[in-house]
Structure formats: C-alpha cells, structure tokens
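These are my notebook entries on a single protein chain, written as I went through the coordinates. I wanted to see how its elements are arranged and what lies between them.

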Amino acid sequence: LPSRMRSAAPEAVRTELFHELTTMEEFERAAIVNALRMCANNRKSAARFLNIGEATLYRKLKKYGIII
C-alpha cells in the first residue's frame, strides 16, 4: 500500500488487509473498498488515492462486483 494509505488506515484495517487475505485479488479488492470508504465513495478521489487511473478503477469495480 502507498505510505499515505498505510498511515491513514486504522490499525485494525491494516491488520485485516495483511493477515487475513490469502490472494492478491482479495488484497486488491479490500484496498479498493477501503479507499472508497476513506474517500466517501468518490471514485475519482479513490482512484487518485490508489494512484491508479479512473478507468482502471472502474474496470476493477466491475471485476470485483463492487457497487457504490
């Protein structure tokens, strides 16, 4: 995770992300959901927060079935 996300996420979230996820896809999905929460479900802000393009975020939302 980017350092700004690690420092902004509560310890419980960091622990969950690193210890309970078994695949990269699970980790990626959790990171996206967490970024959306931190950005009040603003997709543009979440994409910027994750340092990915908006189109990439939209594809991943569709891939993981994340509905806002």
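The entries below go from the whole chain to its helices, and then to single residues.

**Entry 1: the chain as a whole.** I note at the outset that this is a predicted model. I looked up the secondary structure and found 5 helices and 0 strands in the protein chain, so that the order of elements from the N terminus reads α-α-α-α-α. I then checked burial, and 31% of the 68 residues came out as buried. For the contacts with a separation of 6 or more, I found that 51% join residues 24 or more positions apart.

**Entry 2: the core.** Which residues have the most contacts inside the largest nonpolar core? I found that this core has 13 residues, and that the ones with the most contacts inside it are Ile 32, Leu 36, Ala 46, Leu 57, Leu 61 and Ile 66. Helix 3 (24-38), helix 4 and helix 5 (54-64) each supply at least two residues of this core. I followed Ile 32 further and, leaving out residues up to four places away in sequence, listed Leu 50, Leu 57, Lys 60, Leu 61, Tyr 64 and Ile 66 as the residues that Ile 32 touches.

**Entry 3: helix 4.** I looked up the buried residues of helix 4, which spans residues 43-50, and they are Ala 46, Ala 47, Phe 49 and Leu 50. Viewed down the axis of helix 4, these buried residues fall within an arc of 160°, and therefore they line one face of the helix. At the N-terminal end I found a cap by Asn 42, which places a side-chain oxygen 3.1 Å from the backbone nitrogen of Lys 44. After helix 4 comes Asn 51, and I noted that its phi is positive, near 65°.

**Entry 4: helix 5.** I made the same check here, and the buried residues in helix 5 are Leu 57, Lys 60, Leu 61 and Tyr 64. Seen down the axis of helix 5, they fall within an arc of 105°, so they line one face of the helix. I recall that an α-helix has 3.6 residues a turn, so residues three or four places apart point the same way. On the other side of helix 5, I found Arg 59, Lys 62 and Lys 63 exposed. What covers the buried residues of helix 5? I found that the cover includes helix 3 and helix 4. Gly 65 follows helix 5, and its phi is positive, near 65°.

**Entry 5: where helix 4 meets helix 5.** I looked up the packing of this pair and read an angle of about 105°, with the axes 9 Å apart, which makes helix 4 roughly perpendicular to helix 5. From helix 4, I listed Arg 43, Lys 44, Ala 46, Ala 47 and Leu 50, which meet Glu 54, Leu 57, Tyr 58 and Leu 61 in helix 5. In the loop between helix 4 and helix 5 I found Ile 52, which is partly exposed, with a relative accessible area of 27%. Apart from its neighbours within four places in sequence, Ile 52 is in contact with Ala 47 and Leu 57.

**Entry 6: Glu 26.** My last look was at Glu 26, which lies in helix 3 and counts as partly exposed at 36% relative accessibility. I also checked Glu 26 against Tyr 64, and their C-alpha atoms are separated by 9.2 Å, although the two residues are 38 residues apart along the chain.

Methods
Residues numbered from 1 in each chain as written. Predicted model: local features only at pLDDT ≥ 70, side-chain atom pairs only at ≥ 80, totals over all residues. Heavy atoms only, no water. Buried < 20%, exposed > 50% of the residue type's maximum accessible area, 1.4 Å probe, protein only. Helix = DSSP H or I, 4+ residues; strand = E, 2+ residues; numbered from the N terminus. Arc of directions from axis to C-beta. Polar contact = N/O pair within 3.5 Å; in protein donor to acceptor, adjacent residues only side chain to side chain. Core = buried A, V, L, I, M, F, W, Y, C linked by side-chain atoms within 4.5 Å. Contact = heavy atoms within 4.5 Å. Axes fitted to C-alpha atoms, helices over the stretch in contact; angles between N-to-C directions. Parallel < 35°, antiparallel > 145°, perpendicular 65-115°, else oblique.
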